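Got the structure open in your viewer? Let's walk through it one selection at a time.

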Amino acid sequence: MPVDTGNRLGTYLKDRRTRLDPAALGFAGGRRRTPGLRREEVAQRSNISPTWYTWLEQGRGGAPSADVLDRIATGLLLTEPEREHLFMLGLGRPPEARYRSVDGVSPRLQRLIDALTISPAIIKTATWDVVAWNRAAAVVMTDYAALPRDGRNILRMMFSDVRVREAQEDWQSVARFVVGAFRADAARAGAGAEIAALVEELSRTSPEFEALWRSNDIAAHGEGVKRIRHPVLGPLAFEFSAFAVDARPELGMVVYHPVHETDADRIRALVEARVE
């Protein structure tokens, strides 16, 4: 049977609806000529016109709106990756980001960063709350476990914690970079409403943050070099890289690898000493 490559949206919609169980969704069972939901049942679940839905499957009627695609995604019980694929087929772009709050990470992701014994690594949300870290990060950067949950926000630490400020080789440059990257991350993840209270709080308590926020600068948090002054180890230099977590747009991983082998040896010794 030939594959229809001319109407990929319609083919995808038909495939998704044939996988659903009518009885489980409250529709009458009985004998059906084809498996899954009928077109009018998808339209009913999606709160759109049966005619309009039929046209979409048939490749007629032009491009659907984002609202229509969102309704169909809900009606077809699509997962987030399936919803994104639906938008790519229907509009040629992914859907607007919808921020989801995060309480923690999977055990698999935690094991991944734990395996980096001399490289501090953290997992942060798009609002820059640190939700996971490895032993090297706790020893070299911040003992996040000793902080209350709302105290693990990188912006709060940068502008409210004297120890964090003093650890930066060039605090002003780092602060400007952090605010610009934070703004970009929050916008990309659709977290504008979620950061409003934090921005208001820091604007009220830190004139420096307020000035940087008003500048509207944007920074790319991809890779670079970070230099800090550690209270025990002294000056340290790290190459850092930021990674996206697949299928979790609200999470990002940042890994800091020692630039110098001597720094790596000192970090290893300190981490091992703290374990004992």
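Start by selecting Glu41, which counts as buried because its relative accessibility is 6%. Keep in mind as you click around that this is a predicted model. Now add Arg38: the side chains of Glu41 and Arg38 meet in a salt bridge, at 3.4 Å from N to O. Arg38 has 35% relative accessibility, so this residue counts as partly exposed.

**Around helix 2**

Next, select helix 2, residues 39–46. Which residues are buried here? They are Glu41, Val42, Ala43 and Ser46. To see what covers these buried residues, switch on helix 1 (8–18), helix 3 (50–58) and helix 4 (66–75), which are among the covering parts. Before you leave, click on Asn47, just after helix 2, where phi is positive at about 55°.

**More salt bridges**

Side chains of opposite charge can pair when their charged atoms come close. In this model the count comes to 19 salt bridges, and here are some further ones to look at.

Select Arg83 and Asp70 together. Their closest N and O atoms are 2.8 Å apart, and the two form a salt bridge. Arg83 sits in helix 5 (residues 80–91) and Asp70 in helix 4, so this pair links distant parts of the chain, 13 residues apart. Is Arg83 buried or exposed? Arg83 is buried, because its relative accessible area is 4%. Asp70, with a relative accessible area of 25%, is partly exposed.

Now jump to helix 13, residues 261–275, and pick Arg266 and Asp263. These two form a salt bridge, with the closest N and O atoms 2.6 Å apart. Arg266 and Asp263 are three residues apart in this helix, so about one helical turn separates them. Asp263 counts as buried at 5% relative accessibility, whereas Arg266 counts as partly exposed at 32%.

For a network, select Asp15, Arg16, Arg19 and Glu82: salt bridges that share partners join these four into one.

**The aromatic rings**

Time for a change of chemistry. A pair of aromatic rings is described by the distance of the centres and the angle of the planes. How many aromatic pairs does the structure hold? There are nine.

Select Phe182 and Trp213 and you'll find one of them: a tilted pair, 6.0 Å centre to centre, with 50° between the planes. Phe182 belongs to helix 10 (residues 171–188) and Trp213 to helix 12 (residues 207–214), so the pair ties together parts that are 31 residues apart in sequence. Both partners count as buried: Phe182 has 0% relative accessibility, and Trp213 has 18%.

Now move to Phe240 and Tyr256, another tilted aromatic pair, with 6.0 Å between the centres and 50° between the planes. Here the link runs between strands: Phe240 is in strand 4 (residues 234–245) and Tyr256 in strand 5 (residues 248–258), 16 residues apart. Both residues are buried.

Go back to Phe182 and widen the selection to Trp128, Phe159, Trp171, Phe209 and Trp213 as well; ring pairs link these six residues into a cluster.

Two last clicks, both on rings of that cluster. Add Arg165, and you'll see its charged end over the ring of Trp171, 3.8 Å from the ring's centre. Then add Arg183, whose charged end sits over the ring of Trp213, also 3.8 Å from the centre.

Definitions and conventions
Residues are numbered from 1 along each chain as its sequence is written. This is a predicted model: local features need pLDDT of at least 70, side-chain atom pairs count only at pLDDT 80 or more; totals for chains, interfaces and linings use all residues. Side-chain values use heavy atoms; hydrogens and water are left out. Rings of Phe, Tyr and Trp (its six-membered ring) pair if their centres lie within 6.5 Å; planes under 30 degrees apart count as stacked, over 60 as edge-to-face and the rest as tilted. Helices (H or I, at least four residues) and strands (E, at least two) are DSSP runs, numbered from the N terminus. Buried means under 20% relative accessible area, exposed over 50%, partly exposed in between (1.4 Å probe, protein chains only). A charge sits over a ring if NZ of Lys or CZ of Arg is within 6 Å of the ring centre and within 35 degrees of the ring normal. Contact means heavy atoms within 4.5 Å.
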